[in-house]
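Reader: I'd love to go through this model with you, one question at a time. Could you show me the sequence and structure before we start?

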Amino acid sequence: MLTVATARRLDLAGLRWTPAPGDRFVLPDRGMDEEVFVISDMTVEVHRFPNATVIGFNGTTEWALDSVEQHEALWLPAEHQLRDLLGGLFRALRRDGDDWAVVLALPDAETGPREHVVTAASAEEAYGLALVDVLEDVASRV
């Protein structure tokens, strides 16, 4: 699973989230960073209002939490979502010793596509860190 630290980096780098069933998220900085929630039509639903998107918790009895605004939640994209977000830049996922390596082909105006490799202990983390690199690179060019 993607770490909260990498999810924060993705958020700060500009990754936007449209909550959908099956999405995982945490409520950071509430002493619950390890509590992962999943959006489901049964227990955690998304309610869209004109001025905000709210994530509602149905039937929660452990603690008093009815809903939170989307900006209070931190998305933990899954491996397939991260790979989809990398789109045509993604070339390969391979083992690199005990780690996983994500290989991208990044555009370079002077030399053409250049290989960019990001490694991490899990495939999801490698995908997440690769997407951070892409988003930060795009932001630096604007």
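Author: Happy to! A residue is called buried under 20% relative accessible area, exposed over 50%, and partly exposed in between. Please keep in mind that this is a predicted model.

Reader: Thanks, that helps. Is Glu72 buried, partly exposed or exposed?

Author: The relative accessible area of Glu72 is 29%. Buried needs a value under 20% and exposed one over 50%, so Glu72 falls in between and is partly exposed.

Reader: Which side chain meets Glu72 in a salt bridge?

Author: Side chains of opposite charge can pair when their charged atoms come close. Glu72 sits in the loop between strand S5 (67-69) and strand S6 (74-75), and its partner lies 42 residues away, in the loop between S1 and S2. That partner is partly exposed, because its relative accessibility is 38%. With 2.6 Å from N to O, the side chain that meets Glu72 is that of Arg30.

Reader: Nice. How far apart are the closest N and O atoms of Arg8 and Asp29?

Author: Arg8 belongs to helix H1 and Asp29 to the loop between strand S1 (24-26) and strand S2 (37-38), so this pair ties together parts 21 residues apart in sequence. A salt bridge needs the nitrogen within 4 Å of the carboxyl oxygen. Arg8 and Asp29 form such a bridge, and their closest N and O atoms are separated by 2.9 Å.

Reader: Of Arg8 and Asp29, which one counts as exposed?

Author: Arg8 has a relative accessibility of 29%, so it counts as partly exposed. The cut-off for exposed is over 50%. At 62%, the residue that counts as exposed is Asp29.

Reader: And where do Arg83 and Glu79 lie?

Author: Their side chains meet in a salt bridge, at 3.5 Å from N to O. Arg83 is partly exposed at 29%, and Glu79 is partly exposed at 28%. The two are four residues apart, about one turn, and both lie in helix H2 (residues 79-86).

Reader: Which residues are joined into one network by salt bridges that share partners?

Author: The structure holds seven salt bridges. One of them pairs Arg8 with Asp29. Through shared partners, the network joins Arg8, Asp29 and Asp33.

Reader: Let's turn to helix packing. Is H1 roughly parallel or roughly antiparallel to H3?

Author: Two packed helices are described by the angle between their axes and the distance between the axes. Helix H1 (residues 4-12) and helix H3 (residues 123-141) have axes 9 Å apart, at an angle of about 25°. Angles under 35 degrees count as roughly parallel, so H1 to H3 is roughly parallel.

Reader: How many nonpolar residues are in the contact of H1 with H3?

Author: H1 contributes Thr6, Arg9 and Leu10, while the H3 side includes Leu129, Val132 and Glu136. By class, the contact has two polar and three charged residues, and the number of nonpolar ones is five.

Reader: Is Thr53 buried or exposed?

Author: Thr53 has a place in strand S4 (residues 52-57). Beyond its neighbours within four places in sequence, its contacts include Pro19, Val46 and Val68. Buried means under 20%, so at 19% Thr53 counts as buried.

Reader: Last one: what separation do the C-alpha atoms of Pro113 and Leu89 have?

Author: Pro113 is found in the loop between strand S8 (99-106) and strand S9 (114-120), and it is exposed at 67%. Leu89 is 24 residues away along the chain, and the C-alpha separation is 9.3 Å.

Key:
Residues are numbered from 1 along each chain as its sequence is written. This is a predicted model: local features need pLDDT of at least 70, side-chain atom pairs count only at pLDDT 80 or more; totals for chains, interfaces and linings use all residues. Side-chain values use heavy atoms; hydrogens and water are left out. Axes are lines fitted to C-alpha atoms, for helices over the stretch in contact, and angles run from 0 to 180 degrees between N-to-C directions. Angles under 35 degrees count as roughly parallel, over 145 as roughly antiparallel, 65 to 115 as roughly perpendicular and the rest as oblique. Contact means heavy atoms within 4.5 Å. Ala, Val, Leu, Ile, Met, Phe, Trp, Tyr, Cys and Pro count as nonpolar, Asp, Glu, Lys and Arg as charged, and the others, Gly among them, as polar. Buried means under 20% relative accessible area, exposed over 50%, partly exposed in between (1.4 Å probe, protein chains only).
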